[in-house]
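Let's take a walk through a protein model together. Have the sequence and the 3D view open, and turn the view as you read.

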Amino acid sequence: FLIQLRSANLQLAQTLKLPVIGTIGILLLAKQEEIVPEITPLLNDLIDQGAWISPAFYQQVLQLAGEE
């Protein structure tokens, strides 16, 4: 997996046909692997620090994490 940090990295990964995962994907994997008990506070921390997550996507992520 490539953790996406910059768009150039994303383009390279797509060219090389590598799987790409972002921050929220990592949070979902951490929840799935029981590394973190819930991701709601982590999502809220991201938003508090300036990350923009649409309300619809926020709800979708919570559903995928079984937290809605």
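Before we start, a word on labels: helices (H or I, at least four residues) and strands (E, at least two) are DSSP runs, numbered from the N terminus. Keep in mind, too, that this is a predicted model.

With those labels, you can find Leu18 in the loop between H1 and S2. How exposed is Leu18? Its relative accessibility is 43%, so Leu18 counts as partly exposed, because that label covers values between 20% and 50%. Leu18 also has company: together with Leu12 and Leu16, it forms a nonpolar patch on the surface. The accessible area of the three adds up to about 280 Å².

Stay in this loop for a moment and look at Lys17, which sits between helix H1 (7-15) and strand S2 (20-21). Lys17 counts as exposed, at 73% relative accessibility. Now check its backbone: the phi of Lys17 is positive, near 60°, and this is a residue other than glycine. Why point that out? Most residues other than glycine have a negative phi.

Next, move along to H2, which spans 23-32. Which residues of H2 are buried? They are Ile24, Leu27, Ala30 and Lys31. If you look down the axis of H2, these buried residues fall within an arc of 115°, so they line one face of the helix. A bit of helix geometry helps here: an α-helix has 3.6 residues a turn, so residues three or four places apart point the same way. And what lies over the buried residues of H2? The cover includes H3 and H4.

Just past H2 you'll meet Glu34, in the loop that leads to helix H3 (40-48). Glu34 is exposed, with a relative accessible area of 72%. Its phi is near 60°, again a positive value in a residue other than glycine.

Now for H4, which runs over 55-64. Here Tyr58, Val61 and Leu62 are buried. Seen down the axis of H4, they fall within an arc of 100°, so they too line one face of their helix. Those buried residues pack against H2 and H3. Turn to the other side of H4 and you'll find Ala56, Gln63 and Leu64 exposed. After H4 comes Gly66, with a positive phi near 70°.

Our last stop is Glu67, in the segment after H4. Leaving out residues up to four places away in sequence, Glu67 touches Lys31, Pro37, Glu38, Ile39, Thr40 and Leu62. Two of these partners deserve a closer look. With Thr40, the contact is polar and runs from side chain to side chain, at 2.5 Å.

The other partner is Lys31, one of the buried residues of H2. Side chains of opposite charge can pair when their charged atoms come close. How far apart are the closest N and O atoms of Lys31 and Glu67? They are 2.9 Å apart, and the two residues form a salt bridge. Lys31 lies in helix H2 and Glu67 in the segment after H4, so the pair ties together parts that are 36 residues apart in sequence. The count of salt bridges in the model comes to one. Lys31 has a relative accessible area of 19%, so it counts as buried because the cut-off is under 20%.

Key. Residues numbered from 1 in each chain as written. Predicted model: local features only at pLDDT ≥ 70, side-chain atom pairs only at ≥ 80, totals over all residues. Heavy atoms only, no water. Polar contact = N/O pair within 3.5 Å; in protein donor to acceptor, adjacent residues only side chain to side chain. Contact = heavy atoms within 4.5 Å. Buried < 20%, exposed > 50% of the residue type's maximum accessible area, 1.4 Å probe, protein only. Patch = residues over 30% accessible without salt bridge, like charges linked within 9 Å, V, L, I, M, F, W, Y side chains within 5 Å. Areas by Shrake-Rupley, 256 points an atom, 1.4 Å probe, with all protein chains shown as cover. Salt bridge = Lys/Arg side-chain N within 4 Å of Asp/Glu carboxyl O. Arc of directions from axis to C-beta.
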